[in-house]
Amino acid sequence: MKPDEHEEAIDLFLKQHALLYSRAMDHSEYPTMEDDLLEGIKEETLRQYPVNAPDTRNSIVWHLWHIARIEDMTMNVLVNGSDQIFHTNNWFDKMKVNASHSGNEMETEEVAELSSTMDIEELLLYRLAVGRQTRDIMKSLRPGQLKNKVESARLRKLTEQGAVKDKAQWLIDYWGSKTVAGLVLMPATRHNFLHLNRSMRIKNKYQR
């Protein structure tokens, strides 16, 4: 958050963020978490629901959907004051999804339907589009902006768009307590790592 360390912070973010996505996003020379997850994975493994894991019952498809939606909402609407990637280029129809919210507090039947009907190729393209836009947003930030608090009007926009389910309104309050730096540290990086790590454990369990 220190303005005199802004360029260093952005550079560090971009390096870490690239490792959470396919190499296709930033032409990384290093193996990435997404590449490791998807290498040799079977479609049935991606769609498996429910899963028997200590910290999740949701499918890998759901986890990839969830982290893409959260990053899209927080980085585009809350940080950049722009529209969600999801609301452009007909992603709703292309991915064949049954929801436009974040995926929090979904009922069992909803997760089952999303896991079985999602167009996985389009989901991965959507996630790639979200990641690339996040990187452009981060590069556009000026020194001092990472200290900014989230604007209430931007939070209201997400609520009006139905970005979270009624039972998940706590998420709006959580985001509203953050600075831009806080959103960068959680939705845009740590949140991705957390769910990709869970997804890798699902893969290792069901595809030995």
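What span should the 20 residues of helix H5 (residues 60-79) have at 1.5 Å a residue, and how far apart are its end C-alpha atoms? The expected span, 1.5 Å times one less than the number of residues, is 28 Å, and the end C-alpha atoms lie 27 Å apart, which agrees. The model examined here is predicted: local features need pLDDT of at least 70 and side-chain atom pairs count only at pLDDT 80 or more, while totals for chains, interfaces and linings use all residues. Residues are numbered from 1 along each chain as its sequence is written, and side-chain values use heavy atoms, with hydrogens and water left out.

The protein chain holds eleven helices and zero strands, taken as DSSP runs numbered from the N terminus (helices, H or I, at least four residues; strands, E, at least two). A compact globule of 208 residues would have a radius of gyration near 17 Å, and the protein chain agrees at 17 Å; this radius is taken over C-alpha atoms, and the globule rule is 2.2 Å times the number of residues to the power 0.38. Buried residues (under 20% relative accessible area, with exposed over 50% and partly exposed in between; 1.4 Å probe, protein chains only) make up 48% of the 208 residues.

Returning to H5, 20 of its 20 residues are buried. The helix is followed by Gly 81, whose phi is positive, near 70 degrees. Ahead of H5, in the loop that joins helix H4 (43-47) to it, sits Thr 56, which counts as buried because its relative accessibility is 8%. A polar contact (N or O atoms within 3.5 Å; within protein, one must be able to donate a hydrogen and the other to accept it, and residues adjacent in sequence count only if both atoms are side-chain atoms) of 3.0 Å joins the side chains of Thr 56 and His 63. The Thr 56 side chain also reaches the backbone nitrogen of Asn 58 at 3.0 Å.

Aromatic residues come next. Rings of Phe, Tyr and Trp (its six-membered ring) pair if their centres lie within 6.5 Å, with planes under 30 degrees apart counted as stacked, over 60 as edge-to-face and the rest as tilted; the count comes to four pairs. Phe 86 and Phe 92 are edge-to-face, since their centres are 6.1 Å apart and their planes at 75 degrees. Phe 86 and Tyr 126 are also edge-to-face, at 6.0 Å and 70 degrees. Phe 86 lies in the loop between H5 and helix H6 (91-95) and Tyr 126 in helix H8 (residues 120-140), so this pair ties together parts 40 residues apart in sequence.
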